[in-house]
Amino acid sequence: MALSAIEKKSAYDEETILTLMETLKDPVPYIQSEAMFLLERLGKPAIPYLLKQMDSPDETQKWRVFHILAKNKVRKIIPLLKQNIKAAQITVHEAKEIIS
């Protein structure tokens, strides 16, 4: 499913969320960024899928997921943030937004 088609959807189902999650691993940075944007915009329905990715051995994938969760102010990541601050590479401003 093309990202442009996903963006036009009015509702996101599990298949769409999983497609976006897989797209985060795309070798093309623009495609990764678009998937991140759509997952950020999707918000709450994507959070359980994103949290599962926090166990990923792929540090780059963790970084992307941290950013999406931070944008959605998911408090569950605070302990993970403390453990993985280097992997997260989020700004101090973003970390403050999560905590506040």
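1. Let's start with the fold. The chain has eight helices and zero strands, so reading from the N terminus you simply get α-α-α-α-α-α-α-α. Bear in mind that this is a predicted model.

2. How far should you trust it? The mean pLDDT of the chain is 76, and 64% of the residues score at least 70. Confidence peaks in helix α3 (residues 29-42), at 90, and bottoms out in helix α7 (residues 85-88), where the mean is 53. Where pLDDT is low, the predicted coordinates should not be read in detail. I'd apply that caution to α7, given its mean of 53.

3. Some numbers for the whole chain. Of its 100 residues, 42% are buried. The accessible surface is about 6000 Å², with carbon and sulfur atoms supplying 57% of that. If you take contacts between residues at least 6 apart in sequence, 47% of them link residues at least 24 apart.

4. Now the inside. The largest nonpolar core holds 19 residues, and the ones with the most contacts inside it are I17, M21, L24, L39, L50 and L69. The elements giving two or more residues to this core are α2 (14-23), α3, α4 (47-52) and α5 (59-71). Helix α3 gives the most, with five residues. As background, in soluble globular proteins nonpolar side chains tend to be buried together.

5. Helix α2 is worth a look in your viewer. Which of its residues are buried? They are T16, I17, L20, M21 and T23. These residues span an arc of only 160° around the axis, so they sit on the same side of α2. On the other side, E15 and E22 are exposed. The general rule helps here: an α-helix has 3.6 residues a turn, so residues three or four places apart point the same way.

6. L24 deserves a closer inspection, being among the core residues with the most contacts. Leaving out neighbours within four places in sequence, L24 is in contact with Q32, A35, M36, L39, Q61, R64, V65 and I68. L39, one of these partners, is also listed among the best-connected residues of the core.

7. What about Q32, buried or exposed? This helix α3 residue counts as buried because its relative accessibility is 13%, under the 20% cut-off. Apart from residues up to four places away in sequence, Q32 touches T23, L24, K25, D26, P27 and R64. R64 is also a contact of L24. The C-alpha atoms of Q32 and E22 are 9.4 Å apart, with the two positions 10 residues apart along the chain counted as their separation.

8. On charges there is little to report: the count comes to one salt bridge. E22 pairs with K25, and their closest N and O atoms are 3.8 Å apart. That is within the 4 Å limit, which is why the pair counts. K25 is partly exposed, with a relative accessible area of 45%, while E22 is exposed.

9. Last, a spot in a loop. D13 sits between α1 (3-8) and α2. With a relative accessible area of 36%, D13 falls between the 20% and 50% cut-offs and is therefore partly exposed. Its C-alpha lies 9.6 Å from that of A46, although D13 and A46 are 33 residues apart in sequence.

How values were computed. Residues are numbered from 1 along each chain as its sequence is written. This is a predicted model: local features need pLDDT of at least 70, side-chain atom pairs count only at pLDDT 80 or more; totals for chains, interfaces and linings use all residues. Side-chain values use heavy atoms; hydrogens and water are left out. pLDDT is the predictor's confidence in each residue, from 0 to 100. Helices (H or I, at least four residues) and strands (E, at least two) are DSSP runs, numbered from the N terminus. Buried means under 20% relative accessible area, exposed over 50%, partly exposed in between (1.4 Å probe, protein chains only). Contact means heavy atoms within 4.5 Å. Accessible areas come from the Shrake-Rupley method with a 1.4 Å probe; for residues, only the protein chains shown count as cover. A salt bridge is a side-chain nitrogen of Lys or Arg within 4 Å of a carboxyl oxygen of Asp or Glu. A nonpolar core is a set of buried Ala, Val, Leu, Ile, Met, Phe, Trp, Tyr and Cys residues joined through side-chain atoms within 4.5 Å. The arc is that of the directions from the helix axis to the C-beta atoms.
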